[in-house]
Amino acid sequence: MRIAISATRTSFDAPMDERFGRCPCFVITDPEGTDHDMVENIHAERGSGAGIQAARLLIERGVSVVLTGRCGPNACETLAAAGVGIVTGCSGTVRQAVEKYAAGGGEPPASDEASPATGGFTPGGGRGMGRGGGRAMGGGSGMGRGRGMGGSKTPRN
Amino acid sequence: MRVAIASGKGGTGKTTVATNLAWVAAQQEKSVVYLDCDVEEPNGQIFLKPIADWRKPVTVAVPKVDPVVCDLCGQCGDICQFSAIVCVGQKVLVFPELCHSCGGCDLVCPLSAITEVPRGIATVMAGHTGSIRYFQGLLNIGEAMSPPVIRAVKAEAPEAELVIVDAPPGTACPVVEAVRGCDHVLLVTEPTPFGLHDLELALETVQSLEIPCEVVINRAGLNGSATEEFCRRKGVEVVAEFPDSRRVAEAYSRGELASEGDPEIRDLFRSLLTHIEDST
């Protein structure tokens, strides 16, 4: 299983970047923390759609779980469409995030549904969280699509 | 004659200048059309108090993918510069709020799986206040794409002796859309370092559009003469200075037109109007 962590530097001991779409790089690893792969986030400075393109970057690299601080609604929807699990609310170094995730069982949360919080993480059905908050304002078009508000205190980007 | 009232910095007094100018022109029995193109927050209505008599939704075209026809080739996502459409996994995702309605995805789709469907983003409203014909655009809450709305407001405007365009603040696409096609631009600034900084940017924007442009200093007397010096250096005329006046601020806070109750201010706006008429 490949895990991607949003990071401030291309190092396993670098502090995490709490932003998903606009973090400078991703560390891709397995739950044991071996076999690191560093990926520069070339989309970090994009005017719009940074999160969507960052998500594609990881999907193309076969990532199945993302550990990050916060993930915007569009990025969450993109990750979820490819079945990638999203764990938000992570902090500390990349190493600590992976260890904590592995200690919590290492099971990827189902991509489209919020799973129970474990080990201090705040897993969120990103799609439901984001779309609900964002679209509901826009004249009612999204009222019915918002799902999964419960179980996540992660603010929207 | 079409005059845009713009500024770099927000809150310098665009709407104050625009509404008072409209009012003094109407007092002189000129035909006046007021276009509130600050569609994120149109507030000309606070001062002109129009009675609404017409409204129309503004829609933009966004792609809709037929999943039966689509073979997930991904060309739509490759051409889109805004990530409004992406092919991931076994799906094509559309993010309508990111779409700039260029139609590129529809053009490149080899299977014609994409059709364009309308999406409502705003309302254009018209009304009248005395002899002034008033138009405004208002983006729906949560929407960010103002240029199509500004275009829609301008498209509805009839010709008049004086068309006033109340532009949004800033120097980006919405401002360019608002001032485009105008005969004249007044840049409203305030004599603060921030005001001057943004005036410089706004001036550059308007000059690159090759529209004749002059400066109005609002709340003059607050600070030194850096703004005047800047304008002299750039060869741009300062055509009016409105004093930093408590009476004006009080009228503003009550949603009233300063020139309606203050003869001195009224005279300043009359002179400004005469100047604009003479220079175009």
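**Exercise 1. Core packing in chain B**

Task: State which residues B:L35 touches, leaving out those up to four places away in sequence, and place B:L35 in its core.

Solution.
Step 1. List the partners of B:L35 in this predicted model. Beyond four places in sequence, B:L35 touches B:R2, B:F135, B:V153, B:K154, B:A157, B:V163, B:I164, B:V165 and B:D166.
Step 2. Place the residue. The largest nonpolar core has 62 residues. B:L35, B:I85, B:V185 and B:L187 touch the most other members of that core.
Step 3. Look for a separate core. Another one, of 34 residues, lies apart from the largest. Its members include B:V17, B:A18, B:Y134 and B:A251.

**Exercise 2. The interface of chain B and chain A**

Task: Describe the interface by its contacts, buried area and polar pairs, then describe the side that chain B contributes.

Solution.
Step 1. Count residues. Chain B puts 14 residues in contact with 15 residues of chain A.
Step 2. Take the area. The size of an interface is often given as the accessible area lost when the parts come together. Here about 1300 Å² is buried between the two chains. Carbon and sulfur atoms give 54% of that area.
Step 3. Search for polar links. The rule finds zero salt bridges across the interface. It does find four residue pairs in polar contact, with both residues at pLDDT 80 or more.
Step 4. Assign elements on the side of chain B. Those giving two or more residues are α3 (75-79), β4 (85-88) and β5 (91-94) of chain B. The most comes from β4(B), with three residues.
Step 5. Sort by class. The side of chain B that touches chain A holds eight nonpolar, three polar and three charged residues.

**Exercise 3. The two ends of α9(B)**

Task: Find the residue that caps the N-terminal end of helix α9 of chain B, and examine the backbone just after α9(B).

Solution.
Step 1. Start at the N-terminal end. Helix α9 spans residues 246-253 of chain B, and B:S245 is its cap. A side-chain oxygen of B:S245 lies 3.1 Å from the backbone nitrogen of B:R247.
Step 2. Go past the other end. Just after α9(B), B:G255 has a positive phi of about 75 degrees.

**Exercise 4. A loop residue in chain A**

Task: Is A:E18 buried, partly exposed or exposed, and what surrounds it?

Solution.
Step 1. Locate A:E18. It sits in the loop between β1 (3-7) and β2 (25-29) of chain A.
Step 2. Classify A:E18. Its relative accessibility is 44%, so it counts as partly exposed.
Step 3. List contacts. Leaving out residues up to four places away in sequence, A:E18 touches A:T68, A:G69 and A:R70.
Step 4. Check a long-range pair. A:E18 and A:C90 are 72 residues apart along the chain, yet their C-alpha atoms are separated by 7.3 Å.

Key
Residues are numbered from 1 along each chain as its sequence is written. Chains are lettered from A and ligands numbered from 1 in the order in which they are written. This is a predicted model: local features need pLDDT of at least 70, side-chain atom pairs count only at pLDDT 80 or more; totals for chains, interfaces and linings use all residues. Side-chain values use heavy atoms; hydrogens and water are left out. Contact means heavy atoms within 4.5 Å. Buried area is the accessible area (1.4 Å probe) that two parts lose on being put together, summed over both. A salt bridge is a side-chain nitrogen of Lys or Arg within 4 Å of a carboxyl oxygen of Asp or Glu. A polar contact is a pair of N or O atoms within 3.5 Å; within protein, one must be able to donate a hydrogen and the other to accept it, and residues adjacent in sequence count only if both atoms are side-chain atoms. Helices (H or I, at least four residues) and strands (E, at least two) are DSSP runs, numbered from the N terminus. Ala, Val, Leu, Ile, Met, Phe, Trp, Tyr, Cys and Pro count as nonpolar, Asp, Glu, Lys and Arg as charged, and the others, Gly among them, as polar. Buried means under 20% relative accessible area, exposed over 50%, partly exposed in between (1.4 Å probe, protein chains only). A nonpolar core is a set of buried Ala, Val, Leu, Ile, Met, Phe, Trp, Tyr and Cys residues joined through side-chain atoms within 4.5 Å.
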